[in-house]
Amino acid sequence: MINLAILPEMDETLGAAVQSGFRLIRSWRVPPNWSPGDWFKDLTAVGTAAAWQAVCDFDPARGVPLAGFGYCRMISRCLARYRKEWRYALHLVASDSGEEETTTFKQPGLAASSMAKPGGTHCSNDDLRGAVATLPAEQRRLIEQLFWEERTETEVAGAVGTNQSTINRRKQAILNGLRLKLCDRNESQRYSA
């Protein structure tokens with residue numbers, strides 16, 4: 001995993017937080033264009049660099065414990081890398097299948113093709129694209145910023161002039177609404193077939 005000897009001894013809990021972060025990261029699904037060993041080596045490098053940068057950027061005057069700061073920084077960077085790799089993998093799948101993608105997103109082919117339906121099958125890109133297309137423009141733009149432009153909730157909140165928790169609540173409400181739309185659509189298709 002990670003050689004914790006490279007991390008300074010400022011806070012004993014930082015090592016435990018980093019190890020906890022790597023346990024979480026190892027539970028993430030490996031992108032299809034990576035071998036598990038190479039993927040976890042790459043994420044280990046990203047996570048280690050993020051933890052080290054957190055130590056360098058740490059300001060004890062802010063009242064945040066080093067372990068929490070390092071953990072959040074590490075997970076954030078690894079999650080950004082994870083999302084980037086999956087977007088690339090989904091783009092390859094769409095281009096390999098020869099599908100013509102038309103979508104409201106900046107980068108076509110980013111619609112998740114692996115959302116599970118209740119019966120164990122998968123939603124198509126068209127199902128997800130259709131559900132997102134029915135969103136009001138403001139909600140659709142929020143989803144695009146958070147998931148396709150990789151902006152953080154804090155960045156979006158600053159641009160909109162609100163706080164991060166408001167953006168988080170809006171995001172959760174939108175995602176719950178999309179989930180319900182997709183489940184309703186799947187149920188109606190199952191009974192009509």
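A residue counts as buried when its relative accessible area is under 20%, and as exposed when that value is over 50%. With that in hand, welcome to a set of close-ups of a predicted model.

**Figure 1. The buried and exposed faces of helix H6.** Helix H6 spans residues 153-160, and its buried residues are Glu-153, Val-156 and Ala-157. Looking down the axis of H6, you will find these buried residues within an arc of 100 degrees, so they line one face of the helix. Thr-154, Gly-158 and Ala-159 are exposed, and they sit on the face turned away from the buried side of H6. After H6 comes Gly-161, with a positive phi near 90 degrees. H6 also has the highest mean pLDDT among the elements of the protein, at 90.

**Figure 2. A salt-bridge network around Arg-81.** Let us begin with Asp-42 and Arg-81, whose side chains form a salt bridge at 2.8 Å, N to O. This pair links distant parts of the chain: Asp-42 belongs to helix H2 (residues 36-57) and Arg-81 to helix H3 (residues 66-96), 39 residues apart. Arg-81 also forms a salt bridge with the side chain of Glu-85, at 2.7 Å, N to O. Here both partners lie in helix H3, four residues apart, which is about one turn of the helix. Glu-85 is buried, with a relative accessible area of 9%. Through shared partners, the salt bridges join Asp-42, Arg-81 and Glu-85 into one network.

**Figure 3. A second link between helices H2 and H3, made by Asp-57 and Arg-73.** The side chains of Asp-57 and Arg-73 meet in a salt bridge at 2.8 Å, N to O. Asp-57 lies in helix H2 and Arg-73 in helix H3, 16 residues apart, and the pair links distant parts of the chain. Which of the two classes, buried or partly exposed, fits Arg-73? Arg-73 has a relative accessible area of 18%, so it falls under the 20% cut-off and is buried. Asp-57, at 38%, is partly exposed. In total, the structure holds five salt bridges.

**Figure 4. Cysteines Cys-72 and Cys-78.** Cys-72 is exposed, with a relative accessible area of 52%. Cys-78 is buried, and its relative accessible area is 0%. A disulfide is a covalent bond between the sulfur atoms of two cysteines. How many disulfides does the model contain? Counting pairs of cysteine sulfur atoms within 2.5 Å, the total is zero disulfides.

**Figure 5. Confidence along the chain, with a stretch to treat carefully.** The mean pLDDT of the protein is 76, and 71% of its residues reach 70 or more. Over residues 99-121 the pLDDT is below 50, although this stretch has 51 contacts in the model beyond near neighbours in sequence. Where pLDDT is low, the predicted coordinates should not be read in detail. Among the elements, helix H4 (residues 125-133) has the lowest mean pLDDT, at 73.

**Figure 6. The helical setting of the close-ups.** The secondary structure comes to seven helices and zero strands, giving the pattern α-α-α-α-α-α-α along the sequence. Of the 193 residues in the protein, 35% are buried. Among contacts between residues at least 6 apart in sequence, 58% join residues at least 24 apart. The accessible surface comes to about 11200 Å², with 54% of it belonging to carbon and sulfur atoms.

Definitions and conventions: Residues numbered from 1 in each chain as written. Predicted model: local features only at pLDDT ≥ 70, side-chain atom pairs only at ≥ 80, totals over all residues. Heavy atoms only, no water. Buried < 20%, exposed > 50% of the residue type's maximum accessible area, 1.4 Å probe, protein only. Helix = DSSP H or I, 4+ residues; strand = E, 2+ residues; numbered from the N terminus. Arc of directions from axis to C-beta. pLDDT = per-residue confidence, 0-100. Contact = heavy atoms within 4.5 Å. Areas by Shrake-Rupley, 256 points an atom, 1.4 Å probe, with all protein chains shown as cover. Salt bridge = Lys/Arg side-chain N within 4 Å of Asp/Glu carboxyl O.
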